Amino acid sequence: MEVSAIFYPDIFEILRNYEQKGSKYGLERTRALLDTFSSPDEKLKIVHIAGSNGKGSVAAFITNILVAAGFKVGTFTSPEVYSYAEKFLFDNSPAEDYIKYYLSEVYSAAM
């Protein structure tokens, strides 16, 4: 893991504060940020689960199937129940240190 950003140990609190203030809608800022990181979204295969009920269960089923098939899987669900870090899983396991590092990278790039 290359350290090129300032590490923010309280990054979850910083993001929680932003979430409470609301969002600025539009894709321009998101696209610019993704372009800063060489457009990783264009290299990934993404399953977006939408609807009223059952999204968490469907995400868990799909994650388990893909991990069992040998794929590397990142899962994001919201809202969290116990901690901000639980929104993010890698291969069905929490990875709080990685999340803090990468969120710090993105936050630094967005500043």
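1. Let me start with Glu96, since several threads of this structure run through that residue. With a relative accessibility of 38%, Glu96 counts as partly exposed. Salt bridges with shared partners also build a network elsewhere, made of Arg31, Asp35, Asp41 and Glu42; I come back to two of its members below. Please keep in mind as you read that this is a predicted model.

2. Where does Glu96 sit? Its place is in helix α4. Setting aside neighbours within four places in sequence, Glu96 is in contact with Phe12 and Ala85. If you would like a sense of scale, take Glu96 and Gly54: 42 residues separate them in sequence, and their C-alpha atoms are 25 Å apart in space.

3. Glu96 also has a charged partner. Lys100 forms a salt bridge with Glu96, and the closest N and O atoms are 3.4 Å apart. Both residues belong to helix α4, where they are four residues apart, about one turn of the helix. Is Lys100 buried or exposed? Lys100 counts as buried, because its relative accessibility is 17% and the cut-off for buried is under 20%. Glu96, at 38%, is partly exposed. As general background, side chains of opposite charge can pair when their charged atoms come close.

4. Now to the largest nonpolar core. It has ten residues in all: Ile11, Phe12, Ile14, Leu15, Tyr84, Ala85, Phe88, Ile99, Leu103 and Tyr107. Helices α1 (11-21) and α4 (96-110) each supply at least two residues of this core. Which element gives the most? That is α1, with four residues. In soluble globular proteins, nonpolar side chains tend to be buried together.

5. Phe12 is a good residue to click on in your viewer. Not counting residues up to four places away in sequence, Phe12 touches Tyr84, Ala85, Glu96, Ile99, Lys100 and Leu103. Both members of the Lys100 and Glu96 salt bridge are thus among the contacts of Phe12, and so are the core residues Tyr84, Ala85, Ile99 and Leu103.

6. The sheet comes next. Three strands form an open sheet in the order β1-β2-β3, with antiparallel pairing. The edge strands are β1 (74-76) and β3 (93-94), each of which pairs on one side only. How many bridges join β2 to β3? Two bridges link β2 (residues 88-90) to β3, and these strands run antiparallel. Leu89 has Pro94 in β3 as its bridge partner.

7. A second lysine deserves a look: Lys87, found in the loop between β1 and β2. Lys87 counts as buried because its relative accessibility is 4%, and the cut-off for buried is under 20%. Leaving out residues up to four places away in sequence, Lys87 touches Glu19, Thr75, Phe76, Thr77, Ser78 and Glu80.

8. How many salt bridges are there? The count comes to six. One of them joins the side chains of Arg31 and Glu42, at 4.0 Å from N to O. This pair links distant parts of the chain: Arg31 is in helix α2 (residues 28-36), whereas Glu42 is in the loop between α2 and α3 (55-68), eleven residues apart. Arg31 is partly exposed at 29% relative accessibility, while Glu42 is exposed, with a relative accessible area of 61%.

9. Another salt bridge pairs Lys72 with Asp91, with 3.6 Å between the closest N and O atoms. Lys72 lies in the loop between α3 and β1 and Asp91 in the loop between β2 and β3, so the pair ties together parts that are 19 residues apart in sequence. Lys72 counts as exposed at 76% relative accessibility, and Asp91 as partly exposed at 25%.

10. Last, the surface. Which residues make the nonpolar patch of about 320 Å²? Phe90, Tyr98 and Tyr102 do. Tyr102 lies in helix α4 and counts as partly exposed, at 45% relative accessibility. Helix α4 therefore makes a handy place to begin a tour, because Tyr102 is in this helix along with the Lys100 and Glu96 pair, and α4 also supplies at least two residues of the core.

Terms used: Residues are numbered from 1 along each chain as its sequence is written. This is a predicted model: local features need pLDDT of at least 70, side-chain atom pairs count only at pLDDT 80 or more; totals for chains, interfaces and linings use all residues. Side-chain values use heavy atoms; hydrogens and water are left out. Two strands pair if DSSP finds at least two bridges between them. A nonpolar core is a set of buried Ala, Val, Leu, Ile, Met, Phe, Trp, Tyr and Cys residues joined through side-chain atoms within 4.5 Å. Buried means under 20% relative accessible area, exposed over 50%, partly exposed in between (1.4 Å probe, protein chains only). Contact means heavy atoms within 4.5 Å. Patches are made of residues with over 30% relative accessible area and no salt bridge: like charges are joined within 9 Å, nonpolar side chains (Val, Leu, Ile, Met, Phe, Trp, Tyr) within 5 Å. Accessible areas come from the Shrake-Rupley method with a 1.4 Å probe; for residues, only the protein chains shown count as cover.
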